[in-house]
Amino acid sequence: MSLKDIVLQKIIEQGTLPLFFDHDRERSAAILRTLYQAGVRVFEFTNRGAEALEVFEHLIAVRDAEMQDLYLGIGTIKSVEDAQQFLQVGADFIVAPLVNPLVGSLVHEQHKLWIPGCMTPTEIYTAQQQGAALIKLFPANILGPAFMSSIRELFKDQKFMPTGGVEIEMENLKAWFRSGVCAVGMGSKLIDPKDTAQLFENTKKALDFVSKARQQ
C-alpha cells in the first residue's frame, strides 16, 4: 500500500483531521505530543507564518524520535514552491485551500496524498480531474452540511472532508456525517495554542464525538 493510500485510510479511520499553526516550535511539539497521547495518529500543521517550515521540520524530528506511527501533513499550501519545500523535509501529505493542478501533479509524483480545498461544483470537478482522492470542503461553516447533501449525487464516489468552523458538538457532527463526508477537519474549535490546558480532554472528547456521530 502506498503512503497516499495509508494516509487516506488513517484520516477516514480517525474521522477527523486536527490542524493548527503556532510560531513557537517547542509549544507546537508539546501540542503534538498531547494530541498523540489523546489518540491522534494523523495531523496537519498549517503553513501560516514565516516560521512554518522551521517549526514543521522540528515536528518531523520529534515525530521520528517519539511517535513513529503518526502521519504529519502540511496545510495552506498554494504554490509549487511551498509544496516542494515541505515535501523535501518529510511532509506525508499536502492540504490546500484551493485547487492548483501543478501542486497536485507534484504531490502525485511522490505518491503522496493531495487534499485540495473546494467551494463549488466546478472546483470539485476540476480537483477530480487532477486525481484528488479526498477533497476539502472549505470554508465549511459557509457551505454547511446542506451543501454536501445537495452535491453528493453529482460526485457519488468522491470522498469529502469539511474544514473551517466545524463544531465539536454532536448535532453538528452528525449532520456532516449524515450528509456524506468521510471525516471532518478541526482547527481553532479544537486547538488554541495559547490555551492548551484542556487540550487532552477536548481531543479525547472530539474523537469520541466523531466516532459516535458517524454511527448515527
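Which residue in β2 stands opposite Phe-20? In this predicted model, where local features need pLDDT of at least 70, side-chain atom pairs count only at pLDDT 80 or more, and totals for chains, interfaces and linings use all residues, the partner is Phe-45. Numbering starts from 1 along each chain as its sequence is written, and side-chain values use heavy atoms, with hydrogens and water left out.

Now for the strands around β2. Strand β1 (residues 16–20) and β2 run parallel, joined by two bridges. Helices and strands here are DSSP runs numbered from the N terminus (H or I, at least four residues, for helices; E, at least two, for strands), and strands pair if DSSP finds at least two bridges between them. To get from β1 to β2, the chain goes through helix α2 (residues 25–38), in a right-handed β-α-β crossover; right-handed means that, with the strands pointing away from the viewer, the path from the first strand over the helix to the second runs clockwise. On to strand β3 (residues 71–75): five bridges pair this strand with β2, again in the parallel sense. Thr-46 has Gly-75 as its bridge partner in β3. The β-α-β crossover from β2 through α3 to β3 is right-handed too.

Strand β2 itself (residues 42–46) is mostly covered, with five of its five residues buried, that is, under 20% relative accessible area (exposed is over 50%, partly exposed in between; 1.4 Å probe, protein chains only). Val-42, Glu-44 and Thr-46 point one way, while Phe-43 and Phe-45 point the other way.

Phe-45 also turns up in the largest nonpolar core, among the residues with the most contacts inside it, along with Ile-94, Ile-124, Phe-160 and Val-184. That core has 60 residues; a nonpolar core is a set of buried Ala, Val, Leu, Ile, Met, Phe, Trp, Tyr and Cys residues joined through side-chain atoms within 4.5 Å. Helix α3 (residues 52–66) supplies the largest share of this core, six residues. Apart from it lies another core of 14 residues, including Leu-17, Tyr-71, Leu-113 and Leu-134.

Past β3, Thr-76 sits in the loop between β3 and α4 (80–88). Thr-76 counts as buried because its relative accessibility is 15%. Its side chain makes a polar contact of 3.2 Å with that of Arg-48 (a pair of N or O atoms within 3.5 Å; within protein, one must be able to donate a hydrogen and the other to accept it, and residues adjacent in sequence count only if both atoms are side-chain atoms). Leaving aside neighbours within four places in sequence, Thr-76 is in contact (heavy atoms within 4.5 Å) with residues including Glu-44, Thr-46, Val-95 and Pro-97.
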